[in-house]
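Ready for a few warm-up exercises? Have a look at the model below, then work through the tasks one at a time.

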Amino acid sequence: MSFTSFTGFGADLGQIVIGPDGNFWIPMPGIGVASMTPLGVITTYAFGTNVEFGICVGADGRLWIGGGTDGFYAITTAGVSTQYPVPGIAYLGINNATLGSDGRVWGSGTGWDMVSAVDTSGTVTSYGPYSTYGLEGIDSGPGGYVYVAYNSYPFGLVQIHPSTGIGTTLTPSYGNVSALTSDGTDLWACDSVGASGVWQLPPT
């Protein structure tokens, strides 16, 4: 198997998504975001020194990025960015971002014990706290819930109802859940320490 490498970003890179324009969009922590065509043509947009690594496509077609203590950033495929501050945000702020079943973008972050959601008009609502030691990966999963991993013992997940923000703690035998994804039916979680495996959670 052969691989093709695309370089020239000039920065560290975060997560990657395919935008509504068919290009790849990748956060550059501490700088902004990069757009790359399938042929490898790279365009970079600098707009936030606190930009983190999480990104998702919002219900409005913009790319939404965790902005650390800046809150959230949204950028159009034409490169126009807008910041959405999160009132009272602390420590490292919003690292991760996911589109919830309610059409809002949800964000979490290490050291930030709350989960914040922003709608396409820019209204931000925070829920929690859910943990005393910060939260990690976040994703929309089975049942329309938002799931967020927390990194305090005994480790596990919080299942959040998007209409109320009420969270239910799920504590299977995780070591430290660092990343989440959903296949539309089940939730899949990476355990980065301890058992160092992948966990499959069916709908509840």
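**Exercise 1: Getting an overview**

Count the helices and strands, then see how much of the protein is tucked away.

Solution. Start with the elements: this predicted model has zero helices and 19 strands. Next, look at burial: out of 204 residues, 46% count as buried. Now turn to the outside, where the protein exposes about 9200 Å², with carbon and sulfur atoms supplying 56% of that area. Finally, check the contacts: taking those between residues at least 6 apart in sequence, 34% join residues at least 24 apart.

**Exercise 2: One glycine**

Find Gly 109 and work out whether it is buried or exposed.

Solution. First, place the residue: Gly 109 belongs to strand β10, which covers residues 105-109. Then compare its accessible area with the cut-off: buried means under 20% relative accessible area. Gly 109 has a value of 0%, so it is buried. As an extra step, locate Leu 92: it is 17 residues away from Gly 109 in sequence, while the C-alpha atoms of the two are 6.7 Å apart in space.

**Exercise 3: A sheet of four strands**

In what order do the strands of the sheet with β13, β14, β15 and β16 line up, and which ones stand at the edges?

Solution. Read the order across the sheet: β13-β14-β15-β16, an open sheet with antiparallel pairing. Now look for strands with a single partner: these are β13 (135-140) and β16 (167-170), so each has one side left without a neighbour in the sheet. To finish, consider the twist: neighbouring strands here are turned by 25° against each other on average, direction ignored.

**Exercise 4: Zooming in on β15**

Which residues stand opposite each other where β15 meets β14 and β16, and why can we call β15 largely enclosed?

Solution. Begin on the β14 side. Strand β14 (residues 146-150) and strand β15 (residues 156-160) run antiparallel and are joined by five bridges. Among the facing pairs, Tyr 150 is opposite Gly 156, and Val 148 is opposite Val 158.

Move on to the β16 side. Here four bridges link β15 to β16, again with an antiparallel run, and Ile 160 has Gly 167 of β16 as its bridge partner. The two strands make a hairpin with six residues in between. In that turn, Gly 165 has a positive phi of about 80°.

Last step: check burial along the strand. Five of the five residues of β15 are buried, so this strand is largely enclosed by the rest of the structure.

How values were computed:
Residues are numbered from 1 along each chain as its sequence is written. This is a predicted model: local features need pLDDT of at least 70, side-chain atom pairs count only at pLDDT 80 or more; totals for chains, interfaces and linings use all residues. Side-chain values use heavy atoms; hydrogens and water are left out. Buried means under 20% relative accessible area, exposed over 50%, partly exposed in between (1.4 Å probe, protein chains only). Contact means heavy atoms within 4.5 Å. Accessible areas come from the Shrake-Rupley method with a 1.4 Å probe; for residues, only the protein chains shown count as cover. Two strands pair if DSSP finds at least two bridges between them. Axes are lines fitted to C-alpha atoms, for helices over the stretch in contact, and angles run from 0 to 180 degrees between N-to-C directions.
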